[in-house]
Amino acid sequence: MKGRQWRLLLPLAVLIAGGLIATSGALATQQQARQVRVAIMTDCKGAFGSHYEDDIGGAQAAFAQYAGGKPKNRSKPSAGMTGIKVGGTSVNIVGYGCGDDTAATAIKETRRLMEGLKADVMVGPLSGDEAVTVANYAKTHPTKTFIIGTAGSQDPTMQIAPKNLFRYHGDGAQWNAGLGELLYKKLGWRKAAIIMDDYSFGWTSAAGIIADFCAIGGKITKRVFPPLNTTDYAPYAQQLPSPDQVDGYFWVVGGSGTGPSLKAFEQAKGKLKPDQLSGNLFLIDGAAATEVAPLYVGSYVGGFGTAPGLKTAQAKKYEAVIAKWYGAAKLVPFGGFVYNYYNAAWALVRGLQGSAGATGAKLQAAMPRTNASGYEISDKGNVKLDSRRQAIQDQFQLQIGPKGVPSVVAFVPNVDQSFGGLFKPSSPPPGRTQPPCVKKKVPWQGKIRVVKNGVVTKQLIK
C-alpha cells in the first residue's frame with residue numbers, strides 16, 4: 001500500500017480504536033452502575049439489641065428466596081450474604097447499622113451507611129424514635145430510598161411522610177386494633193390503667209389500645225410513663241392504681257424492661273391474674289417469651305401484624321422460607337422483627353425488578369403498592385400501601401397458651417393507620433395525652449371475627 005493511503009487510513013484507525021476504547025469504558029461504567037448498594041439498619045445494643053440477628057435474617061431470607069442470595073453462615077445472619085442479583089443488577093449489602101434505640105445513634109449510623117458507605121437504599125430502622133429521625137433525614141436526601149424495618153412509631157408515615165420512605169407493615173397503633181373490644185366483651189373490662197414506654201413507639205402502641213378500648217365504652221383511669229431503658233421501675237409501679245380499683249392493666253413496656261417492670265408492680269401491688277393483664281406484643285416477645293408469658297397463660301395481648309398458628313397456605317409458605325434459609329439461626333417466623341424486615345426486603349427486590357435496577361426516583365416510583373405478605377388474608381393476601389406509603393394491614397389478636405406460646409384468637413381486617421379518621425397528618429402524633437379517651441367508633445367495631453385452631457371463622461367476638 002502506498003504511503004498516501006496509509007496516511008489517509010491512519011486517522012480512521014485511530015478514530016475506530018478510540019471509539020472502541022470509549023465504548024468499552026462506557027460498558028464498564030454501565031456495569032459498575034448496575035450495582036445497588038444496600039444497608040440494613042438495626043439495633044445491636046439497647047433495649048432491642050437482642051433482635052439484631054432477627055432483623056438481618058428476615059431481610060436476607062427475602063434476598064435469598066427472591067434474588068439468589070447465598071448466606072455465608074445460616075446460623076449467623078450477620079456473617080453476611082453474597083450473590084444477590086435482581087435481573088442484571090448486583091445487590092451489595094455494604095453494611096449493618098448498630099443502633100441502640102436512640103435517635104442520636106440512629107442518625108449517626110444512618111449517615112455512616114448512606115454517606116460513608118454510599119448506600120443507595122436502607123432497610124430499617126428497628127425502633128420508634130430511630131424511625132422519626134430517619135424519616136426527617138430522608139426528607140433532605142430525596143435520591144436515597146428508605147424502607148422501614150419494623151419501627152412502629154406513627155410519625156414517619158403520617159406527619160412526616162417523605163416520598164422516598166416506605167413501610168410495608170402496620171404501626172404500633174394498628175397492631176393493637178381489636179384488643180380493647182376483645183377485653184371489653186370477653187372479660188368485662190370497663191376501667192383500666194396503662195403503663196407505656198415514654199417515647200414515640202410506646203405512645204403509638206398505647207394510642208391504638210386506648211382508641212380501641214375507649215371506642216367500645218371503656219375508660220382509662222391512669223397513664224404512667226417510664227422512660228425507655230429504665231432500671232428501677234418501682235416509682236412507676238407505685239403510680240398505678242391497686243387491682244381493686246381497675247379491671248385490668250395494659251402493659252406497654254418493651255424490650256428488656258417488660259419483666260422488671262412487672263416484677264416491680266408485683267412487689268408493690270401484688271401478683272396479677274392472667275385476666276387482669278393485657279398489653280402489646282412485648283408481653284410475648286424476646287426475653288418476655290420465657291420470663292413473663294408462661295406466668296400469664298390465658299392473657300390476651302396485642303399483635304405484631306403476625307399470626308402464630310394461622311393455617312393458611314400463604315402463612316405456611318412464608319414460614320417455610322425462613323426455616324429454609326435461617327432455621328439454623330432459630331429465627332421465629334411469627335416474630336415481627338423477622339417478618340417485617342423480610343417484607344421490607346422482599347418489596348425492595350420487587351421495586352428493583354420494576355426499575356430495572358435503577359435507584360433514586362425510578363426505584364421509588366417502582367416500589368410496589370401491594371405486597372403478598374405471609375399473614376395477610378384480605379385483598380387476596382395483599383398488604384396495600386396508602387397515599388403516604390404506609391401499609392393497610394390485617395391484624396390478629398393473640399392469647400398466651402401453655403408454656404407461654406401465643407396463638408391467634410381474633411382477626412381484624414384491613415386496619416388503616418388513621419383508625420377510620422381518628423389520626424390525621426394535621427393532628428399531633430400520639431403522646432402522653434394523645435389520643436384522649438373518647439367513645440368514637442372505629443371501623444371494625446362489632447366486626448371482629450373469632451379464630452379457632454388457626455382458622456378464621458365467621459363467628460364474631462361477643
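**A walk from the pocket to the core**

Helix α12 gives the most to the lining of the largest pocket, contributing three residues. That makes this helix a friendly place to begin a tour of the model, which is a predicted one. The pocket itself has a volume of about 440 Å³, and 25 residues line it, with Ile284, Asp285, Gly286, Val332 and Gly335 lying nearest its centre. Two elements give two or more residues to this lining: α10, covering 288-291, and α12, covering 336-355. If you sort the pocket lining by class, you will find 11 nonpolar residues, 10 polar ones and four charged ones.

Let us turn from open space to enclosed space. Rolling a probe the size of a water molecule over the atoms shows where empty space is left. In this structure there is one cavity of 30 Å³ or more. The largest cavity has a volume of about 90 Å³. Its lining is made of 13 residues, and those nearest the centre are Leu126, Thr150, Phe201, Phe282 and Phe337. Here the classes come out as nine nonpolar and four polar residues, with no charged residues.

Phe201, Phe282 and Phe337 are worth keeping in view, as they also appear among the members of one aromatic cluster, together with Phe48, Trp175, Tyr199 and Phe304. Trp175 leads on to another spot: its backbone oxygen is reached by the side chain of Gln397 at 3.2 Å. Gln397 sits in strand β16, which spans residues 391-400. Is Gln397 buried or exposed? Its relative accessibility is 0%, so Gln397 counts as buried.

Aromatic rings are a theme of their own here, since a search of the whole structure finds 21 aromatic pairs. Take Trp189 and Phe250: their ring centres are 5.2 Å apart and their planes meet at 65°, so the pair is edge-to-face. This pair ties together distant parts of the chain, 61 residues apart, with Trp189 in the loop between α6 (179-186) and β9 (191-196) and Phe250 in strand β11 (residues 248-252). Trp189 counts as buried because its relative accessibility is 1%, and Phe250 is buried too, with a relative accessible area of 0%.

A tilted aromatic pair is formed by Tyr339 and Tyr375, with 4.9 Å from centre to centre and 50° between the planes. Tyr339 brings us back to helix α12, while Tyr375 lies in the loop between β14 (370-371) and α14 (378-381); the pair links distant parts of the chain, 36 residues apart. Tyr339 has a relative accessible area of 0% and is therefore buried. Tyr375 is likewise buried, at 0% relative accessible area.

Our last stop is a charged residue, Glu130, found in helix α4, which runs over residues 128-139. Why does Glu130 count as buried? The reason is its relative accessibility of 0%. Which residues does Glu130 touch, leaving aside those up to four places away in sequence? Its contacts are Asp43, Gly99, Asp100, Asp101, Thr102, Ala106 and Pro125. As a sense of scale, Glu130 and Gln60 are separated by 70 residues in sequence and by 21 Å in space, taken from C-alpha to C-alpha.

Conventions
Residues are numbered from 1 along each chain as its sequence is written. This is a predicted model: local features need pLDDT of at least 70, side-chain atom pairs count only at pLDDT 80 or more; totals for chains, interfaces and linings use all residues. Side-chain values use heavy atoms; hydrogens and water are left out. Helices (H or I, at least four residues) and strands (E, at least two) are DSSP runs, numbered from the N terminus. Buried means under 20% relative accessible area, exposed over 50%, partly exposed in between (1.4 Å probe, protein chains only). A polar contact is a pair of N or O atoms within 3.5 Å; within protein, one must be able to donate a hydrogen and the other to accept it, and residues adjacent in sequence count only if both atoms are side-chain atoms. On a 1 Å grid over the protein atoms alone, a cavity is a set of points where a 1.4 Å probe fits but cannot get out, and a pocket is an open set with protein on both sides within 12 Å along at least five of seven lines; lining residues have an atom within 4 Å of a point. Grid points are joined across faces, edges and corners, and a volume is the space filled by probe spheres set on the points. Ala, Val, Leu, Ile, Met, Phe, Trp, Tyr, Cys and Pro count as nonpolar, Asp, Glu, Lys and Arg as charged, and the others, Gly among them, as polar. Contact means heavy atoms within 4.5 Å. Rings of Phe, Tyr and Trp (its six-membered ring) pair if their centres lie within 6.5 Å; planes under 30 degrees apart count as stacked, over 60 as edge-to-face and the rest as tilted.
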